[in-house]
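Please look over the sequence and the model shown here, and then read the notes on helix packing and side-chain contacts that follow.

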Amino acid sequence: MRRMMAAIVTLVLLACPAAHAVQPDEIMSDPAKEARARDLSRELRCMVCQNQSIDDSDAPLARDLRLLVRERIAAGDSNSQVLDFLVARYGEFVLLKPRFEGQTMLLWLLAPLLLIGGGLALWLQIRRRSRSGADLPAPPLTPDEEARLAALMSDDAKSS
């Protein structure tokens, strides 16, 4: 019975859509501005949770950031101005998807460079192996080896 209840609770929790942490008192009266605020909130990292957007986080700092985004939008800032303001205040880390700049170039290019380097190393290894003669046919048997092989094969034929 306990397992069945646990399974039902698990299914109900998995079936529910993810709840957003935005509180009713944070929501802007203009639906267009609220949509902009929500889009921006999904791009910003919660500095406490670090792997969640501020839109999904219940942390007090995430709430402060959501309110700050809404204040900047209400003041007439564009989306890029809001993001620039937050990056200037909290650093590039506040963005869930960092910008491609000089500071973050290594972050963006490291994975492709490692993939290309691994492919190059694999290609060089295959090329080196083929040059070393690993793909050449085996030399012919000596007369002593042929006689020994014939003796072994005749012993196998007699035992079967």
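## Annotated transmembrane region

The unreviewed UniProt entry annotates residues 105-124 as a "transmembrane region". In this predicted model, the chain over residues 105-124 is 100% helix and 0% strand, and the C-alpha atoms at the two ends of that stretch are 27 Å apart.

## Packing of α2 against α4

Helix α2, which spans residues 31-43, and helix α4, which spans residues 79-90, have axes that come within 11 Å and cross at roughly 40°. Because angles from 35 to 65 degrees fall outside the parallel and perpendicular ranges, α2 is oblique to α4. The crossing of these two helices, α2 and α4, is right-handed, and the contact is made by Arg36, Leu40 and Glu43 on the α2 side and by Asn79, Val82 and Leu83 on the α4 side.

## Packing of α3 against α4

The axis of helix α3 (residues 60-74) comes within 10 Å of the axis of α4, and the two cross at roughly 135°, which means that α3 is oblique to α4. This crossing of α3 and α4 is also right-handed. From α3 the contact involves Leu65, Leu68, Val69, Arg72 and Ile73, while α4 contributes Val82, Phe85, Leu86, Arg89 and Tyr90.

## Charges over rings

Arg72 and Phe85, both named in the contact between α3 and α4, are also paired as a charge and a ring, with Arg72 lying over the face of Phe85 at 4.1 Å from the ring centre. Elsewhere, the charged end of Arg45 sits over the ring of Phe93, 4.4 Å from the centre of that ring. As for pairs between aromatic rings, the count comes to 0.

Key: Residues are numbered from 1 along each chain as its sequence is written. This is a predicted model: local features need pLDDT of at least 70, side-chain atom pairs count only at pLDDT 80 or more; totals for chains, interfaces and linings use all residues. Side-chain values use heavy atoms; hydrogens and water are left out. UniProt positions are given in the numbering used here, feature names are shortened, and annotations may be inferred rather than shown by experiment. Helices (H or I, at least four residues) and strands (E, at least two) are DSSP runs, numbered from the N terminus. Rings of Phe, Tyr and Trp (its six-membered ring) pair if their centres lie within 6.5 Å; planes under 30 degrees apart count as stacked, over 60 as edge-to-face and the rest as tilted. A charge sits over a ring if NZ of Lys or CZ of Arg is within 6 Å of the ring centre and within 35 degrees of the ring normal. Axes are lines fitted to C-alpha atoms, for helices over the stretch in contact, and angles run from 0 to 180 degrees between N-to-C directions. Angles under 35 degrees count as roughly parallel, over 145 as roughly antiparallel, 65 to 115 as roughly perpendicular and the rest as oblique. A crossing is left-handed if the near helix is turned anticlockwise from the far one by less than a right angle, and right-handed if clockwise. Contact means heavy atoms within 4.5 Å.
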